[in-house]
Each structure stands twice: as structure tokens, then as C-alpha cells.
Amino acid sequence: MSDLVIQILAASMLLATPLLLAAIGELVVEKSGVINLGVEGMMLIGGLAGFIALYQLQTSTCTMLIGDVCFTAENSVNQFQYIGSLVVAALVGAMAAALFGFLTQYFRANHIAAGLGLTVLGAGLSNSLGGNFFGVDYTAAIVASVPPLFPENWSEVPVLGPLLFSQNLLVPFSFLMLVAVWFFLNRTRAGLVVRAVGENHHSAYALGYPVILVRMMTIMFGGAMAGLAGAFIVIAQIAPKWTEGITVGKGWLALALILFATWRPGRVLLGAYLFGIVLALEPRLKAIFSNMSLEISYFLTALPYIVPVVVLVLISRNPVMIRRNAPASLGQSFEPRS
Amino acid sequence: MNRVITLLASALTFGAFAAFPAQAETKVGFVYVGPPGDLGWTYRHDIGRQAVEALDGISTTALENVPEGPEAVEAITQLAETGHDLIFTTSFGFMDATNEVAGSYPDIKFEHATGYIRAHPNVTTFSARFYEGRVVEGLIAAHMTESNKIGYIASFPIPEVIRGINAFMLEAKQHNPDVEVEIVWVFTWFDPAKEAAAAQALIDNGADVIVQHTDSPAAMQIAENAGIKAFGQASDMSRFGPTAHLVSIVDDWDSYYVDRAIAARDGTWEQQDTWWGLTKDGMGGETGMVVMGSYGNMPDNVMADAKALEAALANGERHSFPCPVYMQDGALADDCAAGEAHLTDGTLVGMNWYIQGIDATIPQ
Amino acid sequence: MIRLIPRTQFGFWATAFPLILALSITVVVGFLVMVAMSEQPLSDTWTLLTFPWQARTASVQWGFVLQKSSYLAIMAVGLSIGYRANVWNIGAEGQFAFGSILAFGAYVLFGMPDTVWFLPVMLLFGVLGGVAWALIPAALRVWANTNELLTSLMLVYVAANVLNYVTTGPWKGDPKAGQAESDPIHESLRIASIIERTDFHWGVIISAGAILVLACVVLFTTFGYSLRVAQNTPRAQKFAGFSPQMTVWMSFVLSGATAGLAGAIFLSAETGKLIQSENYLNGLGFTAIVIAFLGRLHPIGIVAAALLISYVNVGATYVQSASQVDDSVAELVQVTALFAVLGTAFLSRYRVVFGRPDLSTEGAA
């Protein structure tokens, strides 16, 4: 039984990490008073960019290239190539977010519309660029797996082995970023400025804070985190493989997480892992109960989307909590009063 | 030498045509449900298209990622509107759209994969007996499993998928009566994350051989990481699981597409309904639409048995569903009770029941 | 130094100039996309612009454009009503699906009548289905203060699963089918084409009528006026006699109704049966959101945007068939247009002033 618990936890970590990464980024964005619905699009663009970078890094150093496929002795890339590809994913994610930033901050476009546009753009652009655009069909390209962070035999250690030592670099990184963001928002002066901008941009402006600049920075940070989340899905969740529309709605789940968490980092963690467990539980229940009725079977498939609705309702019924934590200027364009 | 002859021949035919009013090239269109880069279903159709493109006097066009259902009407119509003479629609979901468009363009020939409706004389259907490959997989799995638990990732509860599960288990039980199958219905043909999660859940539950009836290589990759065995689907997936891959059921549309394109070019195209297995005639003739790709990662005697079974299925010595076949409740299948030697094609086409020995219910 | 000065007078050019600018940006960027993706950008662009005259049958091409734009326009007009009042229903796709499900449900419930007179009942049930599905996020918003944007979106995935359930379970059709689908409805209940062999059918006319009615509501009634003021000042709305709760309810009812009607028309005119979600839902409900913003939430703008985007979409598939240019061209043009419209919209509210602040001119304006 405890085996099953550990298996479910290990599987849920893989499923929760991209949600956590993207949600941490969006949390900071929303704390500064901006709502960016383009998470899904930034994940797709960032994920593709990370994959292309990994492919290029690997084939440029490849000793045995057969067709488009690189065969290495270890059958895995080294840690530096992996980190390099993650940096590219984050940068491209930030660039995509910057486009949203310019539109909403400088051209005062509607946040909702620009965010939805970014999602459509991300899907369209990643579909065309991932095809034969750069002379390589990345949907067909194969890249060796990402190396584990710890020595291979450590994963044999009971409990800690599958949960910690066999995990990918981004899993501990997501925890680290969570702590860092909590510290930044609550314990630093810069974090205070971000929150002030999100609470009341007119007062913040009057106090001399560069509202638009602060928001551009948070938007780009959110894009970078979404890019990393996309790269995790494309590169690390199963094995490196690019397919069109690979994120299938994870960006939207990350957005729901923020509300679930009422803009508090600790609850983002809780929520991400709750979703992770629900997602990991579904196929296991289906495998165990093979005589499951069709109704229950489909209910389980829809569960990852029903749970957020139910939880949102429960959370939102307490308006005090929302009001205390929600950035008051969320989604409003800043127009300096003259 | 051959190449020289081909060149000469094409030069001669060109010369012959040149004497007459310019003969237009035959244009062949393909409608794909996915991207050719899916390394599965659409990839194999695109390999078939490339074989057609290489023919003289024929050029090809492909529309990728065409959604099934009504939007396909537009895609197929546009191929018809841009002067294509023969159009292949390569997924079941294009069935209604293909027949609808065919009614409006009686001078154009249509070929629909895996469907059964031919509403107009210019519509042909074709499909492959993939279940013959499942029989071979059943034998291998029965010998390779140590836990006696097979994990089966299934897409939708439709006859095509159920037929595969039955063929697989019927053979597996012959060789290892203790073998059990756990089936996870993922309700998608292509969702790498979902397929991977299903594979992981099955492995965690004790399965040490994974069978998939979905299109992405995700399950193979998970099996490779977990150090167990798995079968590939649609295309040769051995490169995704160097130590896990047992064999792949590979779709091979090349010879059919070439035959039909040539028939369209030469004016001999006629309506048909084709269902090829490992061979075209099921009696040891030319290679059909199903090929077993890259046997490996199994003992020599198992491989020899598997290849012998493949040969027997190919030349008609063996049928995939030889009588007696018992249904889940223990009753003899109707065809067997009626004295047939094996289940008939009519039964297989509409199969919506499990055979005896599968402890599960079909979600419906 | 560039500065933005709020406009105090809104003339013709305040609206027209940003749109002309956005259109020019779209054309330029669209052509650059073509250059990047095509081997013969000039002739392919020409084909994209003039495809109805190059195709074998022009009426077929126009039929596609009208059919596609009718679905997009009716859903976008419904959505825009809420968007004007900052009520964000982005789950039109789910309401569309539920409209189809309930329309088919009515057909089953009433014993599968084989008469054209039942068609209005089906359409009515489609509308009811869309409204019912839209009322969930509305109720959660009003009673539990839940963010309607996310709940309406999550319910899209739930509706898709309901569609999968009914097509594999209770309403499962031909067992030979290679996909989950229901039995087809009777031929008499299929909406007929107006021009033979094209997709220009009576459903397009029904949609157009519904759009006309909604447009009148939005532009000429007190209710429409109250929604328009709600966008800028929620308090002003109260003076017009509408509570914010009422606005939420009405926005969701109207957007759900249009999406449900579109779903019922789609069922009757295009497929004739329910199919598993991935083959039935093609993202029309999401594209409608883009169309609503492209049309700047104005009924006339939305109809124009729907026609324009549908033209490009149909053209892109045509060009792909004719010369193998990837049809993601259409998606990229669509996004460019959206960003261009959004990015230039501020020009209708502000004047751009170059040079140092000049108090005398500002005072005069």
C-alpha cells in the first residue's frame, strides 16, 4: 500500500511541476496587477524553443549522427546542455511575454484579449516553426534523455529514491523558486513595490514608482517561468519529444491554480500537487477497477477540470480572503492621470 | 542498369505523349488527420504518399492536421476544387465528409481509409487487418511476461480496438493460461502525457509488458525507462525503446497507394473494398498493409516461434480467430456454433464483445 | 517626446484611422509571413486574395466563407455583450457542445420525429442547452463570487467529456463506426442548402436574423446602453436600473443562447449526428472570442471581422491544396490582425502628440 502511495506521489510530482512553475510566474504577474491569459501559448513557444536548443546543442557535439537522430554512448545529454536549453526556453518565453507587455502596458490593450491572442499565437507559431520551418522537422527529431540530477543508483533508496533522487533538475528548482518568490514578495523592498503597483497603481505612480516598467518586468518573469514549464513538459516529463499542442490545457490549469491559492505561494504548492495527484490517480483507478461503469470512467477523465471549479467555489465563498490577497488593480490598464 | 532502362522508358513515353496534345499530370491529394511527424499513423501514410510521388506522370499534395468531422468537408473539397484526380482520406473520421464531397464531384475518385460506406460509385474504401499483428504480439507477450500481467493502453471502445484486444488475448492464453490483461481506456488516439501516465500506472500495478493501441511513442519511452518490454504501434518504434521494444505492428500503405494511383493515371480505376492483412490475399501472396517491424529483445526460440506464426498467418495456414472461440460468458461464438472454421469478416467488423478470459467490461 | 492626450471629441477618423492602420499592419505582416513560408510568395498571396475566382466553382468557396463566418459571428456577438460589461465568458465552446447535445437529446426524447416541423424544437432545445451550460458559471459568479472566466473555461472540458460519454454510452450509434458517434438524425431534420452543393444553407440565414436582433438590443435599447456604460463605470449602471448581478445573468444567458443555437444549427446542417468531442468541436467557440475583439465588440465590426477571417481561413486551405503552403498562415494572419487591432485601439481614445507638453493646446482640446 505504501508502495502505491509513493508511486502516486512520484507520478504526481512529474505532473505537478509544470503547473507549479507556470503558476509561480503568473502569481508574480498578477500580484503586480496584470492578468496574462497567454500562459498556454508561452508554454508552447518556450517548450519548442527549449527542444530546438537541446537538439542543436546535442547534434552539434554529436559523434554519431544517423539521419536526424543522434546516438550517444550514454544515451543522455549532459547537464550543461540541458541547462542551456532551459535558459533558451526561459528567454523565448520572456520574449513572447514582452509582446503581451508592450500591447497591454504601452498600447493599453485589453489584458484578456491580448492574453487570449498570445495563446492563439503560441499555438500557431509553434505549429509552423516546429514543422519544417528551420530545415529540420522537429516533430520527427529525436533527442537523448535528460540526465538525472543524482547518481543513478541513488534511486534505489527507499522512499527518498523515487521521490527525490530520481527526479529531474527542474523539480527541486520549482521548490526553490517558490521559496524565492515568497521571500521576494513578502520580505524585500522590491517585492513591496510590486505589490504596491498591483494594489493601487495611481498611488504607486504618485509615490514615484515606475508602474509600467515594474509590470513589464513581472510580465517577462512570468513568461520565463511559463517557458520553463513548457520545456519541462516537452523535454523532461516523458522523454524529449516535440508534438504540436503538447501542453493540452496545462497553462489554463496553472491560471486556475492562482485563484485556488488566493494569490499565496504556499497554497500554490498545495494546489499544484492536489492537481498532480488527481491527474496521477485517474489511470491507476482505471487499471485497478477494470469493471468500472462508463459514467464513472468519464467522470474520472473530467475530474481534473471539475475539481478546480468546485475548489474555486469553496474558496470564493469567503470573500474576505479574496479581498485581502487579491491585487486590487488586477486587469486594469494603467493610464496616468493628467 | 535498371535506372538507365527506366530513364530510356520515360524518355520514350514522354516522346510518345509529346506527339499528342499535352497530357496533364495526374494529381493525387492526401488528407491527413495529424502531422507526418507523429511517427505513427500519419507518418506511415506520408511514406505511402512519397512512393506515389516517385511515379511518372503523378504529383501529390498533402493537407496535414485536418480535423475529423465537418471541417474535413472543406479540406477535401479544396483538393477537388484545385484539380486533383484522386483523393485519399486517411482516417475513419473522414467517412461522411468523403462521401458528401464525392457526391458533388463525380468525375473525381475518392479513397477512404478504414471506412465502410461507399455511397457513390467513385468512392473506394480500404483497411488493414491489424489484428493479425496482435496475434503475433499475444504469443510474444505470453512468453515474455514474468508477472503474468499485461498492460493494454486502449483508445476508444470501438470494434477496431476490441478486435485487437481479443486477437491478442486469444493467442496469449494458448501459450500461457495464467496471463491476465489490464486495460486502460484513455479516450484519445494521441495525447503523449496521458498515454505515458497510463503506461506508468499499469507498470506500477505490476504489468511487465505494455501493449498500446494509441499513436504516440510515449508508452514505449516509459517502458524503456522502467526497464520492461513493450510493443510499438503504427510505425517502427524500436528507436524509442532500444531495450524495451519487442516488435511493432507497422502500417504499410505503399503498395496499395501505388497500385491505385497508377490505376487512376491509366484510367483503370474502379470502385473496390480492400481489406489486406500481412499479405494481399491472405494466402501468402504479395506483402499487404501490415508488416511486423524489428523483432528484438527476446530469446531466439520466442522470436523463431513468433516469426513462424507470422508466416502461418501470412500464407493462410492459420486464422487469427480459429474456432472454437468462446465469449466472455462462456458461450460459443455464433460463427463457431454455425460450423464456420473461424470467425467471419462480418463478425469481426462489428465486434463489440470480449472473449473468454478477459476480466473486464467494455465501457459502453 | 511622445505623449498621449485623451480625446474629447470622437469623430469619424477617431474610429477609422486605427482600423485602417491595423489593416495595413496585418497586410504587411501577413505578406512577410507568406514570404517566409512560401516558395512563390507573390503568386500565392494573389491566390489567397482571389481564390473564389480561381477555383473550379466560385459558389462553393463563397458558401464556405458564409457558413464559417455565420457560426463565428453569432457566437462573437453573443460574447461581446458580456465583454462590454466586463463579464468574461470564454467557454462558448462548451455551450456550443451542450447546445448540440440538448438538441439531439430533444430528438431522442420526442421519439425521433421524422418531420421538418420538429426542426424549430431542436433549435430551441439547442438554445436552452447553451443557456443551461452558461448559467453554471453565471450562478457561481453571482452566488459564490467565483471567477467566471476560469469556471466557464473549465466547463468546456467537462462538456467535451459529456459529449464523449453520450456518444460512447446511451446514444451510441453504429457499432461498426471507427469513432464514438450517435446514429444520424432523420434527413428531414437536416438544414438544407440554399444553393445546391454549397455550404450556404438556411442556418446561415437563421444566424444572420439572430445577429440582427441582438444588434438592435445592444445598440438601441436601455439594456444595451446600460451594458455599454457598465464597461467604464459600474456605478453608472445602477442609475440605468440594472444591478451588476442582472448584468452577469443577462450576459451569460445571451452568450449561452447564441452558442447553443450555433451548436444546434451545426448538428443539423453539418454533421447530422453527435460525434466524440475531438472530432466534433473544432475550436469555433474560441475563435469567436478573437472575432469579438477583432470587431471591437461592435456588432457591425464583428460581422466584418468574421467575414474577413473566414475568407482568409478558407483561402489558406485553398492555397495549401493548390501549392502546398502550410495553412498555419491563416492562424498567424488572424493573430496579427488581433494584435494590430488591440495595439491600435488606444488611438481612438487618445491623440498622439509629438513634442514638448504645450499647456495652451491641451487646454483648448
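Two strands pair if DSSP finds at least two bridges between them. The exercises below use a predicted model.

**Exercise 1. Find the bridge partner of B:Val209 in strand 9 of chain B, then decide how enclosed strand 9 is.**

Step 1. Count the bridges. Strand 8 (residues 209-213) of chain B is joined to strand 9 of chain B by 2 bridges. That meets the cut-off of at least two.
Step 2. Note the direction. Strands 8 and 9 of chain B run parallel.
Step 3. Name the partner. B:Val209 is bridged to B:Lys229 in strand 9 of chain B.
Step 4. Check burial. In strand 9 of chain B, 6 of the 6 residues are buried, so the rest of the structure largely encloses this strand.

**Exercise 2. Test the length of helix 2 of chain B, and state what covers its buried residues.**

Step 1. Take the expected span. Helix 2 (residues 41-53) has 13 residues, and at 1.5 Å a residue it should span 18 Å. The sum uses one less than the number of residues.
Step 2. Compare. The end C-alpha atoms are 19 Å apart, which agrees.
Step 3. List buried residues. Among them are B:Trp41, B:Tyr43, B:His45, B:Arg49 and B:Val52.
Step 4. Find the cover. It includes strand 1 (26-31), strand 2 (58-63), strand 9 (229-234), strand 10 (245-251) and helix 9 (254-266) of chain B.

**Exercise 3. Describe how domain 1 and domain 2 of chain B meet.**

Step 1. Set the bounds. Domain 1 is 2-14 + 24-128 + 253-276, and domain 2 is 131-251 + 289-349.
Step 2. Place the centres. The C-alpha centres of the two domains of chain B lie 29 Å apart.
Step 3. Count contacts. 11 residues of domain 1 touch 11 residues of domain 2.
Step 4. Find the main contributor on the domain 1 side. Helix 2 of chain B gives the most, with 3 residues.
Step 5. Sort that side by class. It has 7 nonpolar, 2 polar and 2 charged residues.

**Exercise 4. Locate the largest nonpolar core relative to the domains of chain B.**

Step 1. Pick the best-connected members. Of 341 residues, those touching the most other members include A:Leu228, B:Ile210 and C:Met75.
Step 2. Find the largest share. Helix 9 (residues 211-236) of chain A gives 17 residues.
Step 3. Place the core. Domain 1 and domain 2 of chain B both give residues to this core, so it lies between them.
Step 4. Look around one member. Beyond its sequence neighbours within four places, A:Leu228 contacts A:Leu21, A:Gly46, A:Leu86, A:Ala89, A:Ala90 and A:Leu170.

Key. Residues numbered from 1 in each chain as written. Chains lettered and ligands numbered in written order. Predicted model: local features only at pLDDT ≥ 70, side-chain atom pairs only at ≥ 80, totals over all residues. Helix = DSSP H or I, 4+ residues; strand = E, 2+ residues; numbered from the N terminus. Buried ≥ 20, exposed ≤ 12 C-beta atoms within 10 Å, placed from the backbone. Contact = placed C-beta atoms within 7 Å. Core = buried A, V, L, I, M, F, W, Y, C linked by C-beta atoms within 7 Å. Domains from an automatic or database assignment. Nonpolar A, V, L, I, M, F, W, Y, C, P; charged D, E, K, R; others polar.
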